[in-house]
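Trainee: Could you take me through one part of this model slowly? I'd like a close look at the place where the two chains meet.

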Amino acid sequence: MGESEVKSITLFFFFAFLDDRRALEASTQAISLCFDKKKKNPQFNNNVLIVMTTFSIWTKQHLKLHRGNPNISTDAGWMMPTDLDLGPWREFQKLATQDELLAVIWSKILEIPEKDIAQGLGISEGTVRYRLGRALRKLGSLAQGVSTKKLNAVK
Amino acid sequence: MSETKRPALSKKGQRQVTPFTGNELLYDYMSGILDEERKRAVEAHMESSREAQLDFQKIQIGQQYAEKLRQITVSSALQERLSAPSSYLSVLFRKSKFDQWPVGLKWGLEALVVVFVVVTVLTVAPWEKVMKLRLSTGSDVVLTELNKSQIKQPPQEAPETAETPQFVDEGIKVKEATTTPTPAAVVTTTATPAVVAKATPAPTPAKPPAKVVTSTATSEENSEAESTESGKASTGYLYRGQIAVTNLDAVGPKIKDKIIELGGRKAGEVELGWQKTQGSAYFHFTIPEAKYAELQAFLSEYGKAKISKDKHPRVMPDGIIRLIISVDEAKK
């Protein structure tokens, strides 16, 4: 468990909850759980471990979450580019199903390979890709308002 | 019937994908994981379907937007904070979900903890020792100091035993003491072994703060010194009293005579029956404890004596008590 894993876990909950307090609380729990599992089995794949622990903590906490009420501030320690519009993501976080939301975060934001996501969740890679396809379609429709220039600049 | 053309069912037959499958394969197509045949089939589907083109565009935009979201990072300070090993208390709070408890319950619990701590401290703390410490500081009176090196030396001369006051008068105020006719501040003989008696506070500012009285070493004094050394452990008593009499000039000498008759000796600096103020005589003396009742009975003949027994750091020899009695002229 290194800095990148800690960062990944923290970012996962940032995007999943869009709530500083909940994100930090869940991150603390997930990091602690990750450390424990890694101690028991040092051979554990870090990506799989991240998927397993974040999913486990998310499952416990997401029921208490009222999606669509973001509560984030840069004071909490998030570093956001000034030109980034989080509006589409807020909408997506509110409307997407749990599978779609988590799949996009793991695969497209944290860049965890689909194989590791599938292993961590105990599902097939095809299922992961199916969820990603649906999720990106939804996210794309919401992000269409965002300037194409800006998006192309990223490319 | 069998003449009708049917699409081939296998891959080799180049079967076209249905619109549903074509749409579902758009993401795979974008990811570039389809084989050539499937790729061509999806491309053919996209050319014929406007819906597929729009879907593909949405997926691309979604992908680009998600990539842009990667720019969000976590500050190193936050990372360090989260990486730091959690303390036992924080784990306890987390496991008990303390932050989710109702506010009233939290406050109640906190109040309970505070009360418990306070009660425990009050119960466990050795208050007797603390009080003794407080009382002993500043009120310690060194009555005698025994110089052992001098005790070992042989006596040079047989000195005359000087009648010295054994105790410093404690009832006299500073101003009043300056009017004392016979102060007898320091009485010194060259006799050894010597017993040095020191008493504080000094009765008058004019006199030296400590009074040194040297006298021959008698067994009684030695025992007294020993008892003083262990005086911190035991507690002595002082009888303080007051009596109002009619015709003090006549009664005062009678009381003095009675005290002497009962075996009393003056203590302190002033003589028995010293006229403290106009209409008030002062008796500071020691008598055998056995005679105390008789003295009380005698005093009751002249008036109602109010005598109280107070704790005092000075310990008297067994069977001897010390009294300070003020005899005042009764008001008419």
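Mentor: Sure, and let's start with chain A on its own, keeping in mind that this is a predicted model. Chain A is 155 residues long, and 43% of them count as buried. You'll find eight helices in chain A, plus one strand. Walk along the sequence and the order reads α-α-α-β-α-α-α-α-α, so to speak. Now look at how chain A folds back on itself: take contacts between residues at least 6 apart in sequence, and 73% of those join residues at least 24 apart.

Okay, on to the meeting place. Here 36 residues of chain A are in contact with 30 residues of chain B. Which parts of chain B give two or more residues to that side? They are α2 (26-31), α4 (50-69), β1 (73-74) and α5 (76-83) of chain B. Of these, α4(B) supplies the largest share, with 13 residues. As for what sort of residues chain B puts on the side that touches chain A, the split is 12 nonpolar, 10 polar and eight charged.

Next, zoom in on the strands. Strand β1 of chain A, residues 78-79, is joined to β1(B) by two bridges. The two strands run antiparallel. To find the spot on your screen, pick out M79(A): standing opposite is T73(B), which belongs to β1(B). So β1(B) turns up twice in this story: β1(B) is among the elements that give two or more residues to the side touching chain A, and β1(B) is also the partner of the chain A strand.

Definitions and conventions. Residues are numbered from 1 along each chain as its sequence is written. Chains are lettered from A and ligands numbered from 1 in the order in which they are written. This is a predicted model: local features need pLDDT of at least 70, side-chain atom pairs count only at pLDDT 80 or more; totals for chains, interfaces and linings use all residues. Helices (H or I, at least four residues) and strands (E, at least two) are DSSP runs, numbered from the N terminus. A residue is buried if 20 or more other C-beta atoms lie within 10 Å of its own, exposed if 12 or fewer, and partly exposed in between; C-beta atoms are placed from the backbone. Two residues are in contact if their C-beta atoms, placed from the backbone, lie within 7 Å. Ala, Val, Leu, Ile, Met, Phe, Trp, Tyr, Cys and Pro count as nonpolar, Asp, Glu, Lys and Arg as charged, and the others, Gly among them, as polar. Two strands pair if DSSP finds at least two bridges between them.
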